[in-house]
Amino acid sequence: LVDRCIFWADVARIVHIGGECDPPPRGMRRIAVRDVDVLHQSICKPVRGEPVVHINASNRMTVEDVQIRGVRMWAPEKHDLFARIETVLIREAKGWAWYDEAGYVKNVTISGVEYPGTIPPKCGGVKVLGFDAGHPVSDVRISGLNYTPEREINSNTVRVVIGR
């Protein structure tokens, strides 16, 4: 549980769940983030932007039952995404992570996201991307936003609903 926090990140994501993951039986489950303020997040890769919330699973690991509620973005930067939720292969050239199979992301709920000020262009988007049909992202619900996000959802997802 991450509850009632204030975040400032220089060249980093605010919430990153997954990443370099251990295979089963380990996993990441029952994660809650609620009532948080994001004062600043700098851009790592300005061409594509960095997500405030990044959920990614690799190495056959499962990330499931994630609830994120009540996020206020006070100083967003151009091209920043709000969320990227994905199953991925991690192939790091420096050798610290190299996995031959993607993972699984299941049951993610995000609600009550607001940008109290002006939202920069191309900001606040949402991407939900399954690696392939055998490693989908499933059961993602995003609602209660005070803006309409640009969205990208690929065909390797199951039951994804993004509303305002």
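# Exercises on an all-strand model

About 40 Å³ of space lies in the largest cavity. The model is predicted, so to read it properly note that local features need pLDDT of at least 70, side-chain atom pairs count only at pLDDT 80 or more, and totals for chains, interfaces and linings use all residues. Residues are numbered from 1 along each chain as its sequence is written, and side-chain values use heavy atoms, with hydrogens and water left out.**Exercise 1. Work out which residues line the largest cavity and which strand supplies the largest share.**

*Step 1.* Start with the search itself: the whole structure has 1 cavity of 30 Å³ or more. A cavity here is a set of points on a 1 Å grid over the protein atoms alone where a 1.4 Å probe fits but cannot get out, and lining residues have an atom within 4 Å of a point. Grid points are joined across faces, edges and corners, and the volume is the space filled by probe spheres set on the points.

*Step 2.* List the lining: I14, V15, V33, V36, V38, V52, V53, I68 and V71.

*Step 3.* Sort by element, where strands are DSSP runs of E, at least two residues, and helices are runs of H or I, at least four, numbered from the N terminus. At least two lining residues come from each of β4 (27–41), β5 and β6 (62–73). β4 gives the largest share, with 3 residues.

**Exercise 2. Describe the open sheet: what is its strand order, and which strands sit at the edges?**

*Step 1.* Count elements: the protein chain has 0 helices and 12 strands.

*Step 2.* Put 5 of the strands into the open sheet, in the order β3-β5-β7-β9-β11, with parallel pairing. Two strands pair if DSSP finds at least two bridges between them.

*Step 3.* Look for strands that pair on one side only: these edge strands are β3 (15–18) and β11 (151–153). On average, neighbouring strands of this sheet are turned by 5° against each other, direction ignored. For such angles, axes are lines fitted to C-alpha atoms, and values run from 0 to 180 degrees between N-to-C directions.

*Step 4.* Zoom in on one pairing. β5 (residues 51–57) and β7 (residues 81–87) run parallel over 6 bridges, and I55 has I85 as its bridge partner in β7.

**Exercise 3. Classify the aromatic pair, and say where its two rings sit along the chain.**

*Step 1.* Grab the candidates: the structure holds 1 aromatic pair. Rings of Phe, Tyr and Trp (its six-membered ring) pair if their centres lie within 6.5 Å; planes under 30 degrees apart count as stacked, over 60 as edge-to-face and the rest as tilted.

*Step 2.* Apply the cut-offs: Y115 and Y147 have ring centres 4.9 Å apart and planes at 85°, so they are edge-to-face.

*Step 3.* Place them. Y115 is in the loop between β8 (104–114) and β9 (125–129), while Y147 is in the loop between β10 (137–145) and β11, 32 residues apart. Both Y115 and Y147 are buried; buried means under 20% relative accessible area, exposed over 50%, and partly exposed in between (1.4 Å probe, protein chains only).

**Exercise 4. Find out whether S138 is buried or exposed, and which residues it touches.**

*Step 1.* S138 sits in strand β10. Its relative accessible area is 10%, so S138 is buried.

*Step 2.* Leave out residues up to four places away in sequence, and S138 touches V105, K106, N107 and V158. Contact means heavy atoms within 4.5 Å.

**Exercise 5. Compare the backbone of D35 and R60: what is phi in each?**

*Step 1.* Recall the background: most residues other than glycine have a negative phi.

*Step 2.* D35 has a positive phi near 55°, and R60 has a positive phi of about 65°.

*Step 3.* D35 lies in strand β4, whereas R60 is in the loop between β5 and β6. With a relative accessible area of 33%, D35 is partly exposed; R60, at 37%, also counts as partly exposed.

Technical notes:
On a 1 Å grid over the protein atoms alone, a cavity is a set of points where a 1.4 Å probe fits but cannot get out, and a pocket is an open set with protein on both sides within 12 Å along at least five of seven lines; lining residues have an atom within 4 Å of a point.
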